[in-house]
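Please open the structure in your viewer and display it as a cartoon. The tour below proposes one selection after another and describes what is found at each stop.

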Amino acid sequence: MPTAAAVIIGDEILSGKFADENGPFLVARLRALGCDLRRLVTIGDTVGDIADEVARCAAAHDHVVTTGGVGPTHDDRTLEGVAAAFGVPLQERPELVALLDRYGLPRSETNLRMATVPVGAELVLTERSSFPVVRVRNVWVFPGVPGLFRAKFEEVAPAFAGEQVTCVRLRVDGPETDIAAALAAGAGEHPRVAIGSYPRYETDHYVIVTLESRDLAALERAVSALMSALGARRADG
């Protein structure tokens, strides 16, 4: 199944001036697409940090999604960082310059930053695109503005699709310490099912146990076994 890493870029996120909306969106959207998000990290607008993180993620995942730092201002450094991650220079692309002209943006030094991308970058256009998504090898470079990011991601979302995961939630009344041994045994007996345990301390003390798999038959066997072993009931309807 495809794997992904998400790199949220922006000093404004780390400083708390703005809350990150793109990370939570990607968590849910990639899950729905059947793509396993394995890493989610927030870093600042420093070329070296961007290059290091992108290189690390690109080597370990099928897809890397970056958000932020692709505008015309001095602190938009993402494309420089991605270029550095792969050891390639930047180049001005005439197709992007033409788009600046089409939208009435002057060819100023700052605006031309948006037309300058790493050598070898692919400009991904779809029927819905007004401006391409930049892809450098397995790294997809998106804007950071949440509404714009979501719209651009949906244009290329099929590229991330895999087999969807099914999740079942069980509720067990009582403390996690009472069920730890049974959970460990269940995990060993059902290796194709990922089992998680999440205590809740609300008006009642209980544990939500999640079981996840792409193998529906294996999932149902694990659910039946754990419901019996834990005295659990389904918590997902």
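**First stop: strand 8 and its partners**

Select Val136 and Val139: Val139, in strand 8, is the bridge partner of Val136. Helices and strands here are DSSP runs numbered from the N terminus, with at least four residues of H or I for a helix and at least two of E for a strand. The model is predicted, so local features need pLDDT of at least 70 and side-chain atom pairs count only at pLDDT 80 or more, while totals for chains, interfaces and linings use all residues. Residues are numbered from 1 along each chain as its sequence is written, and side-chain values use heavy atoms, with hydrogens and water left out.

Now extend the selection to strand 7 (residues 133–136) and strand 8, which pair in the antiparallel sense over three bridges; two strands count as paired if DSSP finds at least two bridges between them. Between these strands lies a hairpin connection of two residues, where Arg137 has a positive phi near 55°.

Next, add strand 3 (residues 63–67), which pairs with strand 8 in the parallel sense over four bridges. Within this pairing, Thr66 has Val141 of strand 8 as its bridge partner. Strands of a sheet pair through backbone hydrogen bonds, either parallel or antiparallel.

Show the side chains of strand 8 (residues 139–142). Is each face covered by buried residues, and which ones? Val139 and Val141 are buried on one side, and Trp140 and Phe142 are buried on the other. Buried means under 20% relative accessible area, exposed over 50%, and partly exposed in between, with a 1.4 Å probe and protein chains only.

**Second stop: the four-stranded sheet**

Select the open sheet with the strand order 10-11-9-12, whose pairing is antiparallel. Strand 10 (194–201) and strand 12 (233–234) are at the edges with a single partner strand each, so one side of each has no neighbour in the sheet. Strand 10 and strand 11 (residues 205–213) run antiparallel and are joined by eight bridges. Look for Gly196, which stands opposite Thr210 of strand 11.

Then select helix 9 (residues 216–230), which packs on the sheet and touches strand 9 (166–173), strand 10, strand 11 and strand 12.

**Last stop: the whole chain**

Finally, select the complete protein chain, which has nine helices and twelve strands. Along the principal axes, its C-alpha atoms fill a box of roughly 70 × 35 × 30 Å. Of its 237 residues, 43% count as buried.

Key:
Contact means heavy atoms within 4.5 Å. Axes are lines fitted to C-alpha atoms, for helices over the stretch in contact, and angles run from 0 to 180 degrees between N-to-C directions.
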